[in-house]
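Student: I have a structure open in front of me and would like to learn how to read it. Could you walk me through some of its features?

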Amino acid sequence: MNGAPGSTVNGAPRGDEVCLALGGVSKRFGSLSVLEDVSFSIRHGERCGIIGPNGAGKSTLFNIIAGDLPLTRGSVHLLGSDVTRLSAHARARRGLARTFQTTTLFPRLSVIENLVLALQAHSAERFAMLVPRSRYRERDAEARALLERVGLASRANATVDALGYGEKRQIEILLALAQRPQLLLLDEPTAGLAPSDASLVTEMLKREHAGLTMVLIEHDMGVVFDVVERLIVLHYGRVVADGPVDAIRGDANVQEIYLGGKL
Ligand SMILES: Nc1ncnc2c1ncn2[C@@H]1O[C@H](COP(=O)(O)OP(=O)(O)OP(=O)(O)O)[C@@H](O)[C@H]1O
Ligand SMILES: [Mg+2]
């Protein structure tokens, strides 16, 4: 899809460069076909939502993009390279980060410990047995700066267990951002949140997106319309609509499929 030219970096039209490209992706679980010939590409800096009814194949698609599940047919290109056969770790090293539909924090550790571990996991020294104490101090400072950025500095020493659900989701997004990803996949970041917590997460996503390519699975249409500029609609594993939010919102076919009513 060719949109308007985006921001330029050193004169190059970065906004037109493709960050993620799926070519004819299909996935079967035994005899069950979950994804069928899914193709689309996402430009650098684009914020794209994926919507569709329960069971449409949205999380499966994220698993395939991230390398957590093998595909049955098709290809995945990340930043211009074919990563179809690469592991999830290899894709993460190339700049892909994701959050999951359910929480993946270490519940007994503190917020700051979770963040320091995430920073450590994505450093070049992740396999080193001994890391200089000064490096831990740097990571600790970096982690505190991240918490400060989202107004959660006062929760640094709280155990994850003691956090509210909304705070947990914010920390999870922060963990993904700590990897300084080129592409961030978010699977229902506001699922199960009270409206006030959902708006905290929404505000965070809007604030933090600068320069980041983001793909968001979300059932809450308020969040979708607030955060993304483009929507892809999945239905029974197929892309049935793909375009600017306003166009999709007014699409009678999408309204029928997705909500049986008003979008
Ligand atoms: N590992 C698996 N083995 C077999 N079937 C699976 C597996 N994972 C998912 N499925 C099936 O694939 C289909 C799509 O599931 P998926 O989780 O991708 O849907 P979704 O669009 O994310 O739904 P939701 O909105 O409820 O999160 C469902 O029918 C699901 O039962
Ligand atoms: Mg899902």
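**Reading the contacts**

Tutor: Let's begin at the ligand: an oxygen atom of ligand 1 is 2.5 Å from an N or O atom in the side chain of Thr-60. Keep in mind as we go that this is a predicted model.

Student: How much of the accessible area of ligand 1 does the protein cover?

Tutor: On its own, ligand 1 has 640 Å² of accessible area, and the protein covers 60% of that.

Student: Which residues come nearest to ligand 1?

Tutor: There are 13 residues around ligand 1, and those that come nearest are Asn-54, Gly-55, Lys-58, Thr-60 and Gln-101. Backbone atoms take part in contacts too. Ser-59 has a backbone N or O atom 2.9 Å from an oxygen atom of ligand 1, and for Ala-56 a backbone N or O atom lies 3.2 Å from an oxygen atom of the ligand.

Student: Which helix gives the most to the shell around ligand 1?

Tutor: That is helix 1, residues 58–66, which gives three residues.

Student: Let's turn to charged side chains. What makes a pair a salt bridge?

Tutor: The idea is a distance check: a side-chain nitrogen of Lys or Arg must lie within 4 Å of a carboxyl oxygen of Asp or Glu. By this rule the structure has 13 salt bridges. One of them joins the side chains of Arg-47 and Glu-229, at 3.3 Å from N to O. Arg-47 is in strand 5 (residues 47–51) and Glu-229 is in the loop between helix 7 (221–227) and strand 11 (230–235), so this pair ties together parts 182 residues apart in sequence.

Student: Are Arg-47 and Glu-229 buried or exposed?

Tutor: Compare each relative accessible area with the cut-offs: under 20% is buried, over 50% is exposed, and in between is partly exposed. Arg-47 has 18%, so this residue is buried. Glu-229 has 35%, so that one is partly exposed.

Student: What can you tell me about Arg-180 and Glu-142?

Tutor: Their side chains meet in a salt bridge of 2.8 Å, N to O. Glu-142 belongs to helix 4 (residues 133–149), while Arg-180 sits in the loop between helix 5 (165–178) and strand 9 (183–187), so the pair links distant parts of the chain, 38 residues apart. With a relative accessibility of 63%, Arg-180 counts as exposed, whereas Glu-142, at 28%, counts as partly exposed.

Student: Which salt bridges share partners to form one network?

Tutor: Start with Asp-242 and Arg-230, whose side chains meet in a salt bridge of 2.9 Å, N to O. Asp-242 is in strand 12 (residues 238–244) and Arg-230 in strand 11, so the bridge ties together parts 12 residues apart in sequence. Arg-230 counts as buried at 2% relative accessibility, and Asp-242 as partly exposed at 32%. Salt bridges with shared partners join these two with Arg-43 and Glu-46 into one network.

Student: What about rings: how many aromatic pairs are there?

Tutor: The count is zero aromatic pairs. A ring can also have a charge over it, and here the charged end of Arg-249 sits over the ring of Phe-225, 3.9 Å from its centre.

Student: Where is Leu-146 found?

Tutor: Leu-146 is in helix 4, and this residue is buried, with a relative accessible area of 9%. From Leu-146 to Ile-171 is 25 residues in sequence and 9.5 Å in space, C-alpha to C-alpha.

Terms used. Residues numbered from 1 in each chain as written. Chains lettered and ligands numbered in written order. Predicted model: local features only at pLDDT ≥ 70, side-chain atom pairs only at ≥ 80, totals over all residues. Heavy atoms only, no water. Helix = DSSP H or I, 4+ residues; strand = E, 2+ residues; numbered from the N terminus. Buried < 20%, exposed > 50% of the residue type's maximum accessible area, 1.4 Å probe, protein only. Phe/Tyr/Trp six-rings, centres within 6.5 Å; stacked < 30°, edge-to-face > 60°. Lys NZ or Arg CZ within 6 Å of the ring centre and 35° of its normal. Near = heavy atom within 4 Å. Polar contact = N/O pair within 3.5 Å; in protein donor to acceptor, adjacent residues only side chain to side chain. Areas by Shrake-Rupley, 256 points an atom, 1.4 Å probe, with all protein chains shown as cover.
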